[in-house]
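New to this one? Take a quick look at the sequence and the fold before reading on.

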Amino acid sequence: MRHLLTTESLTRAEIEELLDLADEFTDVLGREIPKVPALRGLTVGTLFFEPSTRTRLSFERAAKALSADVMSFSPSTSSLSKGESLKDTVLTLQAMGCDLMVVRHKATGAPWRVAEWTDCPVVNGGDGAHQHPTQALLDSLTVRRHFGKLDGLHIAIVGDIRHSRVARSDLFAMSTLGARVTMVAPPTLLPLDIDDWPCDVSFELDDVLGGMDVVYLLRIQAERGGATVFPSLPEYVQRFGMTRARFDRLSPEAVVMHPGPMNRGVEIAPEVADHPRSLVLDQVRAGVAVRMAVLFRLGQAVRTEVPS
Ligand code: NCD
């Protein structure tokens with residue numbers, strides 16, 4: 001694996017290897033000194049052209065726990081505002097000694113372009129509404145830890161499927177690991193090619209609620225037009241929100257998940273978000289270990305290229 005750009009092409013063995021590695025790094029993170037020298041001497045660049053809290057911070061935390069150095073690029077304080085192109089920005093970071101790049105961009109495919117322009121391994125930290133592979137890996141790890149496996153589980157992904165890179169990435173990873181996925185949304189929040197996706201579809205959350213092991217809630221992606229395609233927020237909450245009343249109708253073993261940032265009171269009620277059967281913070285914790293696994297795997301290739 002040279003880059004991590006999408007979950008669509010990952011095999012079950014590749015995903016499981018990364019999750020097993022993440023389990024080992026979880027042990028490292030629990031030590032008194034949560035650090036290993038694995039990537040000492042390498043520099044990880046985080047290039048986030050879209051806002052981020054969890055993804056950027058956990059990549060930086062992961063890189064530092066592997067003893068790598070971090071170069072952090074932010075568009076608002078950079079020469080992007082002076083008109084510099086993505087290509088020139090990327091080549092500049094490489095010329096400064098960046099060995100691995102994590103790229104988030106609003107344009108679908110941007111991380112693939114970066115991978116063509118540079119010699120660095122590239123991790124897709126989210127490209128438009130397309131893919132967010134490390135989110136899918138951390139979600140899969142969270143589910144695997146909770147239930148022991150994904151095989152045979154039934155997972156509902158609920159909300160703005162159309163504009164969600166998380167929905168696409170999670171679907172491919174989780175179905176490859178043996179889960180059955182049902183996308184739940186009003187027709188206007190489903191992608192036009194949904195029939196080609198390896199999932200079931202429901203327009204009514206209440207119809208499928210009782211049979212689910214995991215209900216995964218998504219934020220309405222207002223920045224991609226998600227808020228303009230249904231009548232009003234109260235109506236959305238009434239049909240698709242994980243209210244306390246709906247939570248009480250889940251099977252007693254079922255859990256809820258959310259990638260963050262949460263809009264409490266819209267797709268998830270505050271008391272559901274904070275419930276012991278909400279795995280939201282387990283997801284965040286798994287994110288650091290998963291990103292360590294990904295950086296370690298890609299960083300090893302950089303190491304073997306360096307002439308000794
Ligand atoms: C998601 C993203 O940016 O794609 N957040 C995340 O990375 N944890 C989901 C979102 O913004 O709704």
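What follows is a short tour of a sheet and of the ligand's surroundings.

Keep in mind that this is a predicted model. Two things are worth picking out: an open sheet of five strands, and a ligand whose space is the largest pocket.

**The sheet**
- Read across the sheet, the strands come in the order β7-β6-β5-β8-β9, and they pair in parallel.
- β7 (200–202) and β9 (255–257) sit at the edges with a single partner strand each, so one side of each has no neighbour in the sheet.
- On average, and ignoring direction, neighbouring strands here are turned by 25 degrees against each other.
- For a look at one pairing, try β5 (residues 154–158) and β6 (residues 180–184): they run parallel and are joined by five bridges.
- Valine 158 has valine 184 of β6 as its bridge partner.

**Around the ligand**
- The residues surrounding the ligand include Arg54, Thr55, Arg104, Gln135, Val166, Arg219, Pro259, Gly260 and Pro261.
- His132, Arg165 and Gln221 are also among them.
- Histidine 132 places a polar side-chain atom 2.8 Å from an oxygen atom of the ligand.
- In arginine 165, a side-chain N or O atom is 2.7 Å from a ligand oxygen atom.
- For glutamine 221, the distance from a side-chain N or O atom to an oxygen atom of the ligand is 2.8 Å.
- On its own the ligand has 320 Å² of accessible area, and the protein covers 93% of that.

**Where the shell comes from**
- α2 (54–65) and α6 (165–176) are the elements that give two or more residues to the shell around the ligand.

Definitions and conventions
Residues are numbered from 1 along each chain as its sequence is written. This is a predicted model: local features need pLDDT of at least 70, side-chain atom pairs count only at pLDDT 80 or more; totals for chains, interfaces and linings use all residues. Side-chain values use heavy atoms; hydrogens and water are left out. Two strands pair if DSSP finds at least two bridges between them. Helices (H or I, at least four residues) and strands (E, at least two) are DSSP runs, numbered from the N terminus. Axes are lines fitted to C-alpha atoms, for helices over the stretch in contact, and angles run from 0 to 180 degrees between N-to-C directions. A residue is near a molecule or strand if one of its heavy atoms lies within 4 Å of it. A polar contact is a pair of N or O atoms within 3.5 Å; within protein, one must be able to donate a hydrogen and the other to accept it, and residues adjacent in sequence count only if both atoms are side-chain atoms. Accessible areas come from the Shrake-Rupley method with a 1.4 Å probe; for residues, only the protein chains shown count as cover. On a 1 Å grid over the protein atoms alone, a cavity is a set of points where a 1.4 Å probe fits but cannot get out, and a pocket is an open set with protein on both sides within 12 Å along at least five of seven lines; lining residues have an atom within 4 Å of a point. A molecule sits in a cavity or pocket if more than half of its atoms lie within 2 Å of its grid points.
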